[in-house]
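User: I should like to learn how to read burial, backbone angles and side-chain contacts from a model. Could you take me through some cases?

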Amino acid sequence: MIKKFLGIAFLAMALCVGFASCSDDDEVKTDRLVGKWYVTHVEGWYMEDGDKKDYSWGVNDVWTYQFNSDNSGTEVERGGDSYSFTWSVPNDTHIRMAFSGKADETVEVSKLTKSTFIYKYETSSEYRRVTMEKR
């Protein structure tokens, strides 16, 4: 009887874990994206003269992204340069930003909650992981 109970309990636990991992939290929720995001950390690498250069730095209050509900936005970089963009969600895990004045980017969303946004951007010559928080 105890073996049967333990077997049923184990099965119930396995089903709960399975259903929890199939959450739609993995999808980009546009209502969570809308607002002003402050970049807090950037890390990655880039290629320069055939050499891979790593970097990692904390960035507080000097680099922001504003995502508006009409799919427009503004990026203000560390040096004060500002770029307007339009954004879209081409699939459940990516955001595309079409910038005015610089190259467009499609980024992979690693985490998007009401207060934390982490994305990755990668090409053959650059990798960047950006952590932001909404205030």
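User: Is N71 buried, partly exposed or exposed?

Analyst: The model is predicted. Relative accessible area is read against two cut-offs: under 20% is buried and over 50% is exposed, with partly exposed in between. N71 has a relative accessibility of 32%, so this residue counts as partly exposed.

User: Where does N71 lie, and what is notable about its phi?

Analyst: N71 sits in the loop between β3 (64–67) and β4 (72–76). Its phi is positive, about 70 degrees, although N71 is not a glycine.

User: Which loop holds D49, and what is its phi?

Analyst: The loop between β1 (35–48) and β2 (51–58) contains D49. Here, too, a residue other than glycine has a positive phi, in this case near 50 degrees.

User: Why is D49 classed as exposed?

Analyst: The class follows from the cut-off of over 50%. D49 is exposed because its relative accessible area is 76%.

User: How should I read E105: buried or exposed?

Analyst: The same reading applies, now with the cut-off of under 20%. The relative accessible area of E105 is 9%, so E105 is buried. This residue belongs to strand β7, which covers residues 105–112.

User: Which residues does E105 touch, and which side chain does it join in a polar contact?

Analyst: Leaving aside residues up to four places away in sequence, E105 touches I95, R96, M97, F99, Y119, Y121 and R128. With R128, the side chain of E105 makes a polar contact of 2.8 Å.

Technical notes: Residues numbered from 1 in each chain as written. Predicted model: local features only at pLDDT ≥ 70, side-chain atom pairs only at ≥ 80, totals over all residues. Heavy atoms only, no water. Helix = DSSP H or I, 4+ residues; strand = E, 2+ residues; numbered from the N terminus. Buried < 20%, exposed > 50% of the residue type's maximum accessible area, 1.4 Å probe, protein only. Polar contact = N/O pair within 3.5 Å; in protein donor to acceptor, adjacent residues only side chain to side chain. Contact = heavy atoms within 4.5 Å.
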